[in-house]
Amino acid sequence: MIDLAEEFIVFDMFLFNAEHQGEQNYPKITRKLTESLINKKEQNPEIEITFITDQINTVYGSYEPEHLQTLRAAGVDVVLTNLSTYSQNSPSSSALVVGGR
């Protein structure tokens, strides 16, 4: 879907990090999505990309992970949600919206 976008991308992902416990070999989803969004921005610098994620991915402001820094440096608008304004959070929220003709 990222490749098909023409005008804008709004990507909302609750958990977006490379952290995990143990020796499991998990798919590199965070890296792949980061690379896909950056590649899209490089191919079409005029496309507006907004990436929305939860503050848990920065340990609530303690640090900014490399993948979020990389997205910002590439011109992607990274937005961290303010969960203190919500009375109830959904642990499974994620969405991808792409715009085009």
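The structure holds 1 salt bridge. In this predicted model, the pair is formed by Glu35 and Arg31, whose closest N and O atoms lie 3.4 Å apart. Both residues belong to helix H1, 4 residues from each other, and are therefore separated by about one helical turn. Neither partner is buried. Glu35 has a relative accessibility of 38% and so counts as partly exposed. Arg31, at 43%, also counts as partly exposed.

Helix H1, which hosts this salt bridge, spans residues 29-43 and carries the highest confidence in the chain, with a mean pLDDT of 91. The lowest confidence falls in strand S4 (residues 94-99), at a mean of 53. Across the chain, pLDDT averages 76. A score of at least 70 is reached by 59% of the residues.

H1 also packs against helix H2 (residues 66-73). The two axes are 10 Å apart and meet at an angle of about 5°. An angle under 35 degrees counts as roughly parallel, so H1 and H2 are roughly parallel to each other. On the H1 side, the contact involves Thr30, Thr34, Leu37 and Ile38. These residues meet His67, Thr70 and Leu71 of H2.

Strand pairing was examined next. Strand S1 covers residues 8-13, and strand S2 covers residues 48-54. The two strands run parallel and are joined by 6 bridges. Within this pairing, Asp12 stands opposite Ile52 of S2. S1 has two distinct faces: Ile9, Phe11 and Met13 form the covered face, whereas Phe8, Val10 and Asp12 form the uncovered one. In a regular strand, side chains alternate between the two faces of the sheet. Asp12, the residue opposite Ile52, thus lies on the uncovered face of S1.

The overall layout places these elements in context. The chain has 2 helices and 4 strands. Along the sequence, they follow the pattern β-α-β-α-β-β. The chain comprises 101 residues, of which 27% count as buried. Among contacts with a separation of 6 or more, 76% come from residues 24 or more positions apart.

Conventions
Residues are numbered from 1 along each chain as its sequence is written. This is a predicted model: local features need pLDDT of at least 70, side-chain atom pairs count only at pLDDT 80 or more; totals for chains, interfaces and linings use all residues. Side-chain values use heavy atoms; hydrogens and water are left out. pLDDT is the predictor's confidence in each residue, from 0 to 100. A salt bridge is a side-chain nitrogen of Lys or Arg within 4 Å of a carboxyl oxygen of Asp or Glu. Buried means under 20% relative accessible area, exposed over 50%, partly exposed in between (1.4 Å probe, protein chains only). Two strands pair if DSSP finds at least two bridges between them. Axes are lines fitted to C-alpha atoms, for helices over the stretch in contact, and angles run from 0 to 180 degrees between N-to-C directions. Angles under 35 degrees count as roughly parallel, over 145 as roughly antiparallel, 65 to 115 as roughly perpendicular and the rest as oblique. Contact means heavy atoms within 4.5 Å.
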